[in-house]
2 protein chains.
Amino acid sequence: MQLDERKKKILQAIIRNYLETGEPVGSRTISKYTDLNLSSATIRNEMSDLEEMGYILQPHTSAGRIPSDKGYRFYVDAMMEEKDREIEEIKEVYLEKEDKMDLLLKQVAKVLAQNTNYATMISAPQYHRNKLKFIQLSRVDEHQILAVIVVEGNVIKNHLISVDEGLSDETLLKLNILLNTNLNGLTLEEINLGTIAVLKQQAGIHGDIVSEVLDAVAEAIRADEDLEIYTSGTNNIFKYPELADNQKASELITTFEEKQSLGTLVQETLADENNTGIQVYIGNESPIQSMRDCSVVTATYELDEGMKGTIGIIGPKRMDYDKVIGTLKTMMHQLDDLYKKK
Amino acid sequence: MQLDERKKKILQAIIRNYLETGEPVGSRTISKYTDLNLSSATIRNEMSDLEEMGYILQPHTSAGRIPSDKGYRFYVDAMMEEKDREIEEIKEVYLEKEDKMDLLLKQVAKVLAQNTNYATMISAPQYHRNKLKFIQLSRVDEHQILAVIVVEGNVIKNHLISVDEGLSDETLLKLNILLNTNLNGLTLEEINLGTIAVLKQQAGIHGDIVSEVLDAVAEAIRADEDLEIYTSGTNNIFKYPELADNQKASELITTFEEKQSLGTLVQETLADENNTGIQVYIGNESPIQSMRDCSVVTATYELDEGMKGTIGIIGPKRMDYDKVIGTLKTMMHQLDDLYKKK
DNA sequence: TGTTAGCACTCTTTTGGAGTGAGTGCTAAC
DNA sequence: GTTAGCACTCACTCCAAAAGAGTGCTAACA
């Protein structure tokens, strides 16, 4: 069977109505709602077809229809396709300038949650091409050396090293020069056993310190493994009865608290390089089990070359996709502006 | 009216039974439950007295009794009083050694949540007596200077400073010496306008850099204002019907997500210096509005001199106080052991 | 005087049946 | 191809009756 123009119109009308009300939509409603001038009986026939095709379904025999995942998918795709989607009205999404990255990210999550009334998450940018930029050892007190490691992208890591006997300023200077000369500009892969052996040999009796510094360097460079994720507006899920029953809410809350599994969503989004930068996961399309009754809209942001992160908005399947996508886009622009000004 | 021995026994029996079942307790149940060998009629008379005294209350006329906040308070106090509370059985609370503080804290929260089936929170230790220990400026590249600030307790803070023209190694060395000589060992209060003026004057044309470093120092020392709080097991609240209705659950979840207000709980606990280190807040006794239907058990831990933090367990009023307090104590010991071994 | 049996009473919860309303599917006519 | 009409389905609401848990009170007992 074909999805002709009329069926499309009816399907869209059903979905739009359902998005608003959250109640199954009957044939009479559509008959009055649209400008098709068809009787409810005709609509019923069409709806019967649409159901057969899998776009809509009936919660029970004598109820109206609600969209299926396939129906939502059609709707979202159609919406995204109208790519001449005029400059989306700049909704009031205001970010205040924040000098600390984590505060900025928390703020983004919060502002989005407040604007959309859905739950939100944002991952801190992951750094790629991580080269070592600078190492500095300094004496903090008699028995402690502080190693400061700066990685490209200005990620800074500190590491304290305990030493038995004090080191002279001279030794410290030598070690500093040794480390910087040999390591700067290298990536984790480039620091191989050869480099390490040379370093240790040259360090002589201070080989232990070099080892410890190298461990810290390794950790600094692959620090993006445990990626930081901030969430906001988790409580919004209670605004949607279809998510608010104890079982589902509990699972969702757990997912949001143990940010871990949200990571898979981030990976998925970053991996899937599509054109617009906005992706929609409906129901089971989402990689996260507990979100099978949700829709997830994600966007990838890029602050600086290689510094990419993911923003996600999680709500019921009948979320206001139009508004969410608009808000997300606006937010991206704001982030861009903010970051470039800095 | 007096709370004689028999009344106490009956009150405890009521509370214990209610803790288990969560259902109002009737006179017949108590008559069979206890070893008092009293008929239900007698119990009824006693219950009537207890209600008049405010220890228990009736949800409605023809229902059994449930403990009031005052009743819980009596129960908890009585429990805490048996201070010869034998070495509480070491429940299996296992912490794995973690080198990173934040991971350790997250683990503590998680383990507690799993063991008790309640929601938990833990605040990162707050540092007091914050003296400046060490400052180090180093050049990262042509236009950036990295300031590393170490505060007593080995809290480290990094701050990047942009400079227009490059600084010579010599200048940097001078600045380092200048800063360290004048600032080390001082607290925030001790760095006054006088010190600042002297510093700036001596720094000459590099006064800007000194200002920026001072700002960073100030921030490092009072960093404990935005204290870090980790939570776990928020979803456990769904296990208790009296907390699981949407309205309450939503409020609680919000409290846990916006860790901010949990801070007041931490402050409260740290301020109230009592003997055992364990405190119980029942219902409205808690400083947090959204926890008026909960009980909160808190403990203060101290890893090192002046490094204090708070652990909190949040559950329904009918929580298993005995077990919670036992588990908390065990956890404190484990933390002690772990930290001393390191 | 404290304890108990007995009974009327209260109030919640469960059950089931009747009624209502929204909506469908089918058929026959236009 | 479209529509009016009608029988039918099913969730939901309402109500009344019944069941069940528990109380308070009274009178009797040791």
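Which atom of DNA strand C lies 3.2 Å from a polar side-chain atom of B:Arg44? Select B:Arg44 and DNA strand C to find out: the partner is a base oxygen. Keep in mind during this tour that the model is predicted.

**Stop 1: the backbone of the DNA.** Next, select A:Ser27. An N or O atom in the side chain of A:Ser27 sits 2.6 Å from a phosphate oxygen of DNA strand C. Now move to A:Arg65, where a side-chain N or O atom is 3.3 Å from a phosphate oxygen of the strand.

**Stop 2: the surface around the strand.** Show the 21 residues around DNA strand C; those that come nearest are A:Ser27, B:Arg6, B:Thr42, B:Thr61 and B:Ser62. On the DNA side, 69% of the strand C atoms within 4 Å of the protein belong to sugar and phosphate. Colour the protein residues of this surface by type and you will see 13 polar, 4 nonpolar and 4 charged. Then highlight α3(B), which contributes the most to this surface, with 4 residues.

**Stop 3: two helices in chain B.** Finally, select helix α1 (residues 5-21) and helix α4 (residues 69-81) of chain B, whose axes come within 10 Å and cross at roughly 100 degrees. The two helices, α1(B) and α4(B), are therefore roughly perpendicular to each other. To see where they touch, show side chains including B:Leu11, B:Ile15 and B:Leu19 on α1(B), and B:Tyr72, B:Phe74 and B:Ala78 among those on α4(B). The residues of this contact comprise 8 nonpolar, 2 polar and 2 charged.

Notes
Residues numbered from 1 in each chain as written. Chains lettered and ligands numbered in written order. Predicted model: local features only at pLDDT ≥ 70, side-chain atom pairs only at ≥ 80, totals over all residues. Heavy atoms only, no water. Near = heavy atom within 4 Å. Polar contact = N/O pair within 3.5 Å; in protein donor to acceptor, adjacent residues only side chain to side chain. Nonpolar A, V, L, I, M, F, W, Y, C, P; charged D, E, K, R; others polar. Axes fitted to C-alpha atoms, helices over the stretch in contact; angles between N-to-C directions. Parallel < 35°, antiparallel > 145°, perpendicular 65-115°, else oblique. Contact = heavy atoms within 4.5 Å.
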